Amino acid sequence: MAGALGMWQTLGLVLVWQASAQSGDIIKKVVHTPWWPAGSEKTAESAGIISHGLVYMTAMMEVNETLQKTALQETWDVRDIALAAGANLSDLVDCFVNAPRGHADAVKAALMSAFPAEVQASPPAFTVVEMPGEYQFVYNSIMCVANIPDGGSERRTVRKNGLYGVSARGLTFYEGAEAPGTISGAYEETRNIVNRMLRSSVLVDCTAYLASIQDAQAVRKAIVEVTGMKGFIQPSLTIVQATGLANRSLRLRCTAAEDDSRLRSVDTTDGKVVLTDSFAFASAQLDRNSTGVNALESLGKLFKYANVTLNDAISCSFFVKDQQKMLDLFGGFYEIFNKENPPPPTRGEYEAITECAECQVAAKCIAARPMEMEVHSEALRA
């Protein structure tokens with residue numbers, strides 16, 4: 001189960017899995033809480049993972065009699081994971097929330113009001129997309145990333161070009177953006193959003209939520225053209241269909257790097273992965289099998305070109321065509337991560353249509369990289 005039902009205020013324990021002895025930089029730590037104790041990651045996902053100064057969290061979900069009480073408990077769950085990693089809610093840099101059709105504004109308002117005043121004054125990049133989540137009976141979930149305030153990198157907000165983002169550890173997490181109402185059509189809307197983002201940073205990973213999956217090729221074309229025109233690498237890209245876009249063709253949520261001098265793009269027949277010094281961002285891999293095993297194995301092949309493996313995965317998002325087949329996905333996740341590549345990453349699961357009409361699962365993951373790691377030269381494109 002991707003969320004934790006119940007609230008706890010006690011700090012959790014931390015299991016150290018991988019760390020760099022030379023620099024003290026943590027590559028991968030599994031975070032535990034009282035409601036997700038040590039050993040839970042042997043049979044399920046990790047509640048949180050510390051990597052290179054950030055803590056990536058599994059999507060938290062609660063069930064309560066009112067939306068406001070549900071939102072409050074979900075923010076407490078997020079807080080517990082942050083505290084166990086040495087951070088707090090005020091250190092959040094990015095959150096992704098799924099909501100029922102027609103209820104995005106209500107869910108966002110409930111969650112934001114549940115956060116402490118200091119978080120409301122300086123919120124994380126906060127993207128709400130209308131799509132079903134892991135279970136039919138669960139209203140929404142919230143999946144966050146926080147900066148660990150250890151003196152290594154300050155958290156700062158970015159408000160430029162009509163965009164909102166939060167920066168830490170050399171990355172900027174952009175809130176899901178839409179084009180102005182004066183611009184219409186997936187191609188032109190994408191060009192507008194990407195142009196604005198590229199004025200301040202270089203995109204490394206994007207997810208496009210489309211009103212119609214038929215616009216996928218137009219979105220890809222626009223991103224290729226704009227990044228190519230500016231001489232930048234293309235980001236890893238995942239495209240799914242969503243609702244609630246208010247007469248817009250898409251919402252684009254991206255992560256960017258503040259320094260492009262060391263970015264690398266690995267392009268292979270298995271897909272694309274973009275590398276920063278600390279992380280490998282892979283585009284979604286598609287699978288006609290509802291277990292997602294083939295998609296995860298494809299991600300493993302792709303990661304090998306960057307000298308990382310599925311064992312280094314810290315966070316994954318899964319988009320499943322049929323919510324009723326989530327248990328199939330959990331079985332595949334268990335086989336690939338819990339049994340073959342432990343410890344497992346954090347994760348979030350959503351119901352969405354992908355570019356492949358016959359495909360049942362799209363899987364995208366982020367992997368941690370040891371600093372100064374080289375990649376296979378035959379697959380490297382700067």
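**Exercises on the disulfides and two buried residues**

Both C95 and C144 are buried, and the exercises below, which concern a predicted model, begin with this pair.

**Exercise 1.** Determine how C95 and C144 are linked, and which parts of the chain the link brings together.

*Solution.* Start with the sulfur atoms: a disulfide joins C95 to C144, with an S to S distance of 2.1 Å, which satisfies the cut-off of 2.5 Å for a disulfide. Next, take the angle about the S-S bond, which is 110° and makes the link of C95 and C144 right-handed. Then place the two ends, since the pair links distant parts of the chain, with C95 in strand β5 (residues 92–99) and C144 in strand β7 (residues 141–147), 49 residues apart.

**Exercise 2.** Describe the disulfide of C316 and C365, and decide whether each of these cysteines is buried or exposed.

*Solution.* The sulfur atoms of C316 and C365 are 2.1 Å apart and form a disulfide. C316 lies in strand β18 and C365 in strand β20 (residues 361–368), so the bond ties together parts that are 49 residues apart in sequence. About its S-S bond the angle is 110°, and the link of C316 and C365 is right-handed. For burial, the cut-off is under 20% relative accessible area; C316 counts as buried because its relative accessibility is 1%, and C365 is buried with a relative accessible area of 1%.

**Exercise 3.** Find how many disulfides the whole structure holds, and give the order in which the cysteines pair.

*Solution.* A search of the whole structure finds four disulfides, including one between C356 and C359, whose sulfur atoms are 2.2 Å apart. When the bonded cysteines of the protein chain are numbered in sequence order, the pairing reads 1-2, 3-4, 5-8, 6-7.

**Exercise 4.** Work out whether D312 has a salt bridge, and what its side chain reaches.

*Solution.* First locate D312, which lies in the loop between α6 (293–304) and β18 (313–320). Although D312 is buried, it has no salt bridge, and the nearest side chain of opposite charge, K28, is 6.4 Å away, whereas a salt bridge requires atoms within 4 Å. The side chain of D312 does, however, reach the backbone nitrogen of T309 at 2.8 Å.

**Exercise 5.** Characterise the surroundings of L250.

*Solution.* L250 is placed in strand β13 (residues 250–257), and it counts as buried because its relative accessibility is 0%. Leaving aside residues up to four places away in sequence, L250 touches several residues, among them A177, Y209, L210 and V219.

Terms used:
Residues numbered from 1 in each chain as written. Predicted model: local features only at pLDDT ≥ 70, side-chain atom pairs only at ≥ 80, totals over all residues. Heavy atoms only, no water. Helix = DSSP H or I, 4+ residues; strand = E, 2+ residues; numbered from the N terminus. Buried < 20%, exposed > 50% of the residue type's maximum accessible area, 1.4 Å probe, protein only. Lys, Arg positive; Asp, Glu negative; His and termini not counted. Polar contact = N/O pair within 3.5 Å; in protein donor to acceptor, adjacent residues only side chain to side chain. Contact = heavy atoms within 4.5 Å.
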